[in-house]
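This report describes the fold of one protein chain and the surroundings of its ligand. The sequence and structure come first.

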Amino acid sequence: MEFIDVSDLVGKVSFLNQREVLLNQGAAMYNGRNIRLRPFEKADQKQYREWVNNSDIASLVDRILPVSEYEHDKWYSSIMDRQNCVFFAIETIESAKFIGAIWLWDIDFRHRKAEVRVLIGESSSVNKGLGTEAITLIQSFAFEKVNLHKLFAYVLSKNQRAVRAFEKAGFETEAELKEDRFVNGVYEDVAILACIKR
Ligand SMILES: CC(C)(COP(=O)(O)OP(=O)(O)OC[C@H]1O[C@@H](n2cnc3c(N)ncnc32)[C@H](O)[C@@H]1OP(=O)(O)O)[C@@H](O)C(=O)NCCC(=O)NCCS
């Protein structure tokens, strides 16, 4: 894995500059074995909207259909403007194919923790270990470079593929929130999976 060294800057720069430090470096690309994380670009937006407008995916990532182009544009701008979020595209190393996204959401610099959200949208790339690899990469980034102490994820309990991918990356179930989301007419349980830097 290759990392830009921002660790000496974290804590010294203002909160507002943290994300700029993390994202606006030309080298903000993190290589694993099969995939890399790279900054999410405007050009990725169209494909990403198609994925979140796929009904099988939308309910898993808590989106309500359909996401209009206008709404999606606004979402993209808000993501790019957020100071406490780092949003990566996931692409294959072999062919530089954009297959999904993973991001640190609501980074809490005071308590050194953040939520991880992930989406492998390209259907042919699912179930091949790439989601686990992306989670492992963002984990290293979060712990080693952003100096976070804890990561967590909210996953529908019935979404066992996601639960398993987080578990393979070292996350453990910390709690189960009963009937926490109303999805397609049904109240669904949500698992909180978490991982602590050791
Ligand atoms: C969840 C997601 C990121 C996982 O990535 P992935 O690359 O598909 O998953 P991986 O191949 O790394 O691992 C999946 C594991 O779940 C297992 N699995 C798949 N379907 C399963 C099921 N129905 N029940 C139990 N386990 C299942 C696989 O066998 C594999 O485990 P194994 O390696 O021990 O055999 C990806 O599928 C995705 O983006 N799904 C849609 C969006 C989503 O659910 N996001 C999570 C919400 S935060």
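## Helix H4

Helix H4 is hardly covered, with a count of 0 buried residues among its 13 residues. The helix covers residues 69-81 and reaches 18 Å from its first C-alpha to its last, close to the 18 Å expected at 1.5 Å a residue. An α-helix has 3.6 residues a turn, so residues three or four places apart point the same way. The model in which this helix appears is predicted.

## The chain as a whole

The protein chain has 6 helices and 8 strands. Read from the N terminus on, its elements follow the order α-β-β-α-α-α-β-β-β-α-β-α-β-β. The chain has 198 residues, and 28% of them count as buried. Among contacts between residues at least 6 apart in sequence, 56% join residues at least 24 apart.

## Strand E3 and its partners

Is strand E3 largely enclosed or hardly covered? Strand E3 (residues 86-92) is largely enclosed by the rest of the structure, because 5 of its 7 residues are buried. Helix H4, in contrast, has a buried count of 0.

E3 is joined by bridges to strand E2 (residues 35-39) and to strand E4 (residues 98-108). The two pairings are set out below.

| Pair | Bridges | Direction | One bridge pair |
|---|---|---|---|
| E2 and E3 | 5 bridges | antiparallel | Leu 37 with Ile 90 |
| E3 and E4 | 6 bridges | antiparallel | Glu 91 with Phe 98 |

E3 and E4 also form a hairpin with 5 residues between the strands. In this hairpin, Ala 96 takes a positive phi near 55°.

## The shell around the ligand

Which residues come nearest to the ligand? Of the 24 residues around the ligand, Gly 131, Thr 132, Gln 160, Ala 162 and Arg 164 come nearest. The elements that give two or more residues to this shell are strand E5 (113-120), helix H5 (130-145), strand E6 (150-156) and helix H6 (160-168). Helix H6 gives the most, with 6 residues.

How do the residues of the shell divide into nonpolar, polar and charged? The shell around the ligand holds 12 nonpolar residues, 7 polar residues and 5 charged residues.

Technical notes. Residues are numbered from 1 along each chain as its sequence is written. This is a predicted model: local features need pLDDT of at least 70, side-chain atom pairs count only at pLDDT 80 or more; totals for chains, interfaces and linings use all residues. A residue is near a molecule or strand if its C-beta atom, placed from the backbone, lies within 6 Å of it. Helices (H or I, at least four residues) and strands (E, at least two) are DSSP runs, numbered from the N terminus. Ala, Val, Leu, Ile, Met, Phe, Trp, Tyr, Cys and Pro count as nonpolar, Asp, Glu, Lys and Arg as charged, and the others, Gly among them, as polar. A residue is buried if 20 or more other C-beta atoms lie within 10 Å of its own, exposed if 12 or fewer, and partly exposed in between; C-beta atoms are placed from the backbone. Two strands pair if DSSP finds at least two bridges between them. Two residues are in contact if their C-beta atoms, placed from the backbone, lie within 7 Å. The expected span of a helix is 1.5 Å times one less than its number of residues.
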